[in-house]
Amino acid sequence: MGHQTESLDTEKIWGGGESPFGISYGKMMMWFFLISDALTFSGFLVSYGFFRHRFSDIWPVAENVFTHFPFLHGHHPLLYVALMTFILIMSSVTMVLAVEAGHRMNRKSVILWLGLTIVGGLIFVGSQAWEWYHFIHGTAEGALQMADGTIAHLAGDFTLALSDGSSIAAAEAGEYFGHSHVGHQHAHIVGVTGEASVHLPQALRAMGNGLAIGSEEVQQFILTGDAAKEAIMSGSIIQGANLEVNEYGVPLFADFFFFITGFHGTHVFSGVVINFVIFVNVIMNTYEKRGHYEMVEKVGLYWHFVDLVWVFVFTFFYLV
Amino acid sequence: MSDHSDSAYEFAVHHGEEEGKKIRKRIWLIFWVLLGITTVEVTLGLIWKSLSANPDAIWGIIKWTFIILTLFKAFYIVFDYMHLGHERRNLKWTILAPYIIFVLYLTFICLNEALAIRDFDFLWWNS
């Protein structure tokens with residue numbers, strides 16, 4: 001390619017009739033689209049980085065948030081997202097194999113590999129839905145959102161007395177308060193029975209609630225006795241994550257998670273749809289008649305880009 | 001290149017069975033590279049805290065290892081799977097230059113500012 005470039009008469013190239021970039025109009029436009037789309041994702045990830053560094057002391061660790069794995073109990077950080085990454089890399093391989101088959105005008109192979117790419121994409125979108133579900137639903141015990149917004153965790157064997165006369169175990173508090181719907185008012189907490197303790201997030205600074213927490217040595221600040229009761233009574237129990245509250249830490253974490261993985265998931269979904277359209281065209285012999293499978297290459301570029309974005313999301317959301 | 005109405009590029013570069021075998025070999029080789037890097041990343045993510053008695057001290061190295069491994073993966077995806085490594089030089093730079101210039105700058109300035117604002121707020125809260 002390099003040799004060919006040198007032998008070209010540049011004046012004539014730019015004068016028209018030839019592609020200065022040596023690629024077709026369609027592929028070039030796909031590249032230009034990807035440049036702008038990649039800048040959008042860069043903007044998202046950089047703004048995520050901005051708030052993450054700004055709130056570095058209270059930012060949740062993804063490892064402690066995404067710990068579920070289908071059919072397995074217990075704590076499995078990173079495993080599920082590793083599986084999702086594997087699925088997407090795999091579908092990138094099947095896509096590039098479909099492109100290669102297209103170069104050999106091998107229709108059957110294109111159908112096989114493009115079909116597998118679509119299946120991979122659907123599994124990925126499904127996995128993401130599963131991850132969202134668990135993040136939104138949250139844990140049974142939920143978390144305590146203190147009056148100043150700090151997210152703390154309840155510990156100890158105690159019960160909460162409610163305004164309707166009933167009482168619930170602390171371990172079930174999330175389930176009780178998490179399922180509030182519009183028009184369905186929950187009873188509120190009127191008392192705490194038993195030895196309650198409230199675990200504040202690590203390395204917390206003074207948050208303006210009258211507590212002096214300045215020492216670097218303090219890894220986990222624990223409230224007990226009356227202080228714990230007061231914190232529970234003045235705060236609220238939350239469960240799961242949405243755009244307003246997040247039991248795992250600052251709500252911004254949830255906002256960025258929904259926004260960035262949601263935007264990426266939308267790309268995966270539209271990629272699946274586009275791949276499907278091309279898949280139908282391949283089956284209907286469109287590209288056999290046209291004499292080339294360049295369309296598969298173009299959607300291939302988009303599909304690899306979706307994989308590329310996930311590589312970065314995986315690193316900056318889950319690993320770093 | 002004498003006939004300019006016959007464009008300098010072809011819509012799809014056709015290749016034969018022999019050439020195809022070589023290309024497929026490379027595709028699978030890169031797949032193993034990508035899978036290997038991801039496995040290393042996940043393993044490192046799971047065990048890095050047990051690598052040192054003082055995990056906080058090595059976090060910087062771990063973080064940069066993750067980022068460099070990610071850039072390796074990105075390189076293989078873009079240069080081979082997206083074929084950019086085989087495109088003309090002017091196209092390569094048209095695509096890569098915006099990131100090398102703007103995104104690196106944006107990243108640097110935003111993270112730097114975020115840390116400055118954090119420290120400013122910290123002083124303000126404690127004054």
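**Exercise 1. Overall build of chain A**

What percentage of the 320 residues of chain A count as buried? Work it out for this predicted model, then add the secondary structure and the contact pattern.

*Solution.*
- Step 1: 38% of the 320 residues in chain A count as buried.
- Step 2: List the elements. Chain A has eleven helices and eight strands.
- Step 3: Turn to contacts with a separation of 6 or more. In chain A, 72% of them join residues 24 or more positions apart.

**Exercise 2. Where to trust chain A**

Find where confidence in chain A is lowest and where it is highest.

*Solution.*
- Step 1: Start with the average. Chain A has a mean pLDDT of 85, and 87% of the residues score at least 70.
- Step 2: Go to the extremes. Helix α1 (residues 2-6) of chain A has the lowest confidence in the chain, with a mean of 47. The highest belongs to α9(A), at 96.
- Step 3: Mark the weak stretches. Over residues 1-6 of chain A, pLDDT stays under 50, and the model has four contacts beyond four places in sequence for them. Residues 205-220 of chain A also stay under 50, with 24 such contacts.
- Step 4: Apply the rule. Predicted coordinates should not be read in detail where pLDDT is low.

**Exercise 3. Positive phi outside glycine**

Place Met105(A) and Asn285(A) in the fold, and classify the exposure of each.

*Solution.*
- Step 1: Take Met105(A). Its phi is near 55 degrees, positive in a residue other than glycine.
- Step 2: Locate Met105(A). It sits in the loop between α5 (79-103) and α6 (107-137) of chain A.
- Step 3: Count neighbours. Met105(A) has 16 other C-beta atoms within 10 Å, so it is partly exposed.
- Step 4: Take Asn285(A). This residue is not a glycine either, yet its phi is positive, about 70 degrees.
- Step 5: Locate Asn285(A). Its loop runs between α9 (251-283) and α10 (286-290) of chain A.
- Step 6: Count again. Asn285(A) has 10 C-beta neighbours inside 10 Å and therefore counts as exposed. The cut-off for exposed is 12 or fewer.

**Exercise 4. A three-stranded sheet**

Which strands of the sheet β4-β3-β5 (chain A) stand at the edges?

*Solution.*
- Step 1: Read the order. The sheet is open, its three strands run β4-β3-β5 (chain A), and the pairing is antiparallel.
- Step 2: Find the edges. β4 (167-169) and β5 (189-194) of chain A each have a single partner strand, so one side of each lacks a neighbour in the sheet.
- Step 3: Add the twist. Neighbouring strands here are turned by 25 degrees against each other on average, direction ignored.
- Step 4: Inspect one pair. Strand β3 (residues 158-162) of chain A is joined to β4(A) by three bridges, and the two run antiparallel. Thr159(A) has Ala169(A) in β4(A) as its bridge partner.
- Step 5: Check the connection. Gly165(A) lies in the loop between β3 and β4 of chain A. It has 8 C-beta neighbours inside 10 Å, so it counts as exposed.

**Exercise 5. The contact between the chains**

Which element of chain A gives the largest share of the side that touches chain B?

*Solution.*
- Step 1: Size both sides. Chain A gives 52 residues to the contact and chain B gives 54.
- Step 2: List the elements of chain A that give two or more residues. They are α3 (25-54), α5 and α11 (294-319) of chain A.
- Step 3: Pick the main contributor. α5(A) supplies the largest share, eleven residues.
- Step 4: Sort by character. The side of chain A that touches chain B holds 26 nonpolar, 17 polar and nine charged residues.

Methods. Residues numbered from 1 in each chain as written. Chains lettered and ligands numbered in written order. Predicted model: local features only at pLDDT ≥ 70, side-chain atom pairs only at ≥ 80, totals over all residues. Helix = DSSP H or I, 4+ residues; strand = E, 2+ residues; numbered from the N terminus. Buried ≥ 20, exposed ≤ 12 C-beta atoms within 10 Å, placed from the backbone. Contact = placed C-beta atoms within 7 Å. Pairing = 2+ DSSP bridges. Axes fitted to C-alpha atoms, helices over the stretch in contact; angles between N-to-C directions. pLDDT = per-residue confidence, 0-100. Nonpolar A, V, L, I, M, F, W, Y, C, P; charged D, E, K, R; others polar.
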